[in-house]
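Me: I've got a new structure open and would like to talk it through, one question at a time. Can you help me read it?

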Amino acid sequence: MSVLNTRFTETFGVEHPVVQGGMQWVGRAELAAAVSEAGGLGLITALTQPTPADLVREIEKARKLTDKPFGVNLTILPAINPPPYDEYRRAIVDSGIRIVETAGSNPEPHMGLFKEHGVKVLHKCTSVRHALKAQRIGVDAVSIDGFECAGHPGEDDIPGLVLIPAAADRLTIPFIASGGFGDARGLVAALALGADGINMGSRFMCTVESPISPAVKQAIVDADERDTELIFRPLRNTARVAKNSVSTEVVRILASGGEFADVRDLVAGARGRLVYENGDVEAGVWSVGMVQGIIHDVPTAGDLVRRIVDEAASIIRGRLTGLLAPAKVSP
């Protein structure tokens, strides 16, 4: 198998510059372990687990499946009744996890404990300015999301083709590119634009080990790049989700002057979870990126990682090298 060494692989001690995004309801032990076992970086999503004790058990389950490095995603978001973040953080550290992906809010309040215990922090951002702030507070790397991504792309609407080289121009720490990546071509493009690897969410949803319903995986395979919807735009809390009857209704209500209270029941997280569990893709809103337009199969996570890395190496050695014409020598 080919090996692509980057600053990211060296910093985080993994074989390949391919990261499985920390996805709510998706980032469980079986998927994270399968990605890591293949040489990528798998992530368990902390808040998918109901309690910190459940997270500890999920980490132990992953350890029985792989002895390679994997991490935990801790997404910090404002809430009326926030989860016990301090307890989740302590569970991560006490379980011996040494890689954490933070997302959502500023990770600075969590950095002290993580650094004290030798935890490397990868922080997810949607803009260069936020990436630079994360760099200043001492994260080890950032994952920068282009506008194509699933979930929350921020409010700047900057696609990866511009955002990635803009980040490369200003960051000194390693960074990986996220949003719109699903195959070897994307990995090669990200490396060419200055990133040190890629993060994939939607692509890993469509793998054998992904814990979502086969019907949802097939819906992603059947969809194209136009089949997403941007909800919450008027609220300045944009989220990219699958286009269905629910997301279309949410957009209509808010565009006609509605407020969050008017769509609260439509966008309830419990409904989205049921989509993943029961396979009814019209049951609620659920996250997926534009990259679904280039997702055509449901391989094992290990086969996907190996395929992407091997094909990326072939592109670099073959097509790209072949474009270099010999220099002409003047007579």
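Me: Among contacts in the chain between residues at least 6 apart in sequence, what share joins residues at least 24 apart?
Reply: Keep in mind that this is a predicted model. Take the contacts between residues at least 6 apart in sequence, and ask which of them join residues at least 24 apart. That share comes to 61%.

Me: How many helices and strands does the chain have, and how does its radius of gyration sit against the globule rule?
Reply: The chain has 14 helices and 10 strands. For 331 residues the globule rule gives 20 Å, and the chain is close to that, so it is as compact as a globular protein of that length. The radius of gyration itself is 20 Å.

Me: What does the C-alpha trace span along its principal axes?
Reply: Here you look at the C-alpha trace of the chain and follow its principal axes. The span is about 75 × 45 × 35 Å.

Me: What percentage of the residues count as buried?
Reply: To count as buried, a residue needs a relative accessible area under 20%. Apply that to the 331 residues of the chain, and the share is 53%.

Me: And the surface: how much of the exposed area do carbon and sulfur atoms supply?
Reply: The chain exposes about 14,600 Å². The part supplied by carbon and sulfur atoms is 54%.

Me: How far apart are the centres of the positive and negative side chains?
Reply: There are 34 positive side chains and 40 negative ones. Each set has its own centre, and the distance between the two centres is 3 Å.

Me: Which residues touch the most other members in the largest nonpolar core?
Reply: That core holds 77 residues. The ones touching the most other members are Val142, Phe204 and Trp286.

Me: Which residues make up part of the second core?
Reply: This core is separate and has 11 residues. Its members include Phe232, Ala239, Ile253 and Val285.

Me: Which residues does Phe204 touch, not counting those up to four places away in sequence?
Reply: Some of its partners come early in the numbering, including Val18, Val19, Gln20, Met23, Leu31 and Val35. To finish the list for Phe204, add Ser210, Ala301, Leu304 and Val305.

Me: Which elements do the buried residues of helix 5 pack against?
Reply: Helix 5 covers residues 108-116, and His110, Met111, Leu113 and Phe114 are buried in it. Just after helix 5, Gly118 takes a positive phi of about 70°. The elements that the buried residues of helix 5 pack against are strand 3, helix 4, strand 4 and strand 5.

Me: Why does Val14 count as buried, and how far is its C-alpha from that of Lys68?
Reply: Val14 sits in the loop between helix 1 and strand 1. Its relative accessible area is 10%, so Val14 is buried, the cut-off being under 20%. Among the contacts of Val14 are Phe8, Gly39 and Pro69. Val14 and Lys68 are 54 residues apart along the chain, and their C-alpha atoms are separated by 8.0 Å.

Me: Is Thr6 buried or exposed, and which residues is it in contact with beyond its neighbours within four places in sequence?
Reply: Thr6 is in the segment before helix 1. Its relative accessibility is 11%, so Thr6 counts as buried. Beyond those neighbours, Thr6 is in contact with Pro17, Leu191 and Asp196.

Me: How far apart in space are Ala242 and Ala150?
Reply: Ala242 lies in strand 10 and counts as buried because its relative accessibility is 3%. Among the contacts of Ala242 are Asp227, Ser247 and Trp286. Ala242 and Ala150 are 92 residues apart in sequence, and C-alpha to C-alpha the distance is 8.7 Å.

Me: How far apart in space are Leu320 and Ser95?
Reply: Leu320 is in helix 14 and, at 34% relative accessibility, counts as partly exposed. Leu320 is in contact with Val188 and Ile315, leaving aside neighbours within four places in sequence. Leu320 and Ser95 are 225 residues apart in sequence, and C-alpha to C-alpha they are separated by 44 Å.

Me: What is the phi of Asp157?
Reply: Asp157 is in the loop between strand 6 and helix 7, and it is partly exposed at 28% relative accessible area. Although Asp157 is not a glycine, its phi is positive, at about 60°.

Terms used:
Residues numbered from 1 in each chain as written. Predicted model: local features only at pLDDT ≥ 70, side-chain atom pairs only at ≥ 80, totals over all residues. Heavy atoms only, no water. Helix = DSSP H or I, 4+ residues; strand = E, 2+ residues; numbered from the N terminus. Buried < 20%, exposed > 50% of the residue type's maximum accessible area, 1.4 Å probe, protein only. Contact = heavy atoms within 4.5 Å. Core = buried A, V, L, I, M, F, W, Y, C linked by side-chain atoms within 4.5 Å. Rg over C-alpha atoms; globule rule 2.2 N^0.38 Å. Areas by Shrake-Rupley, 256 points an atom, 1.4 Å probe, with all protein chains shown as cover. Lys, Arg positive; Asp, Glu negative; His and termini not counted. Charge placed at Lys NZ, Arg CZ, Asp CG, Glu CD.
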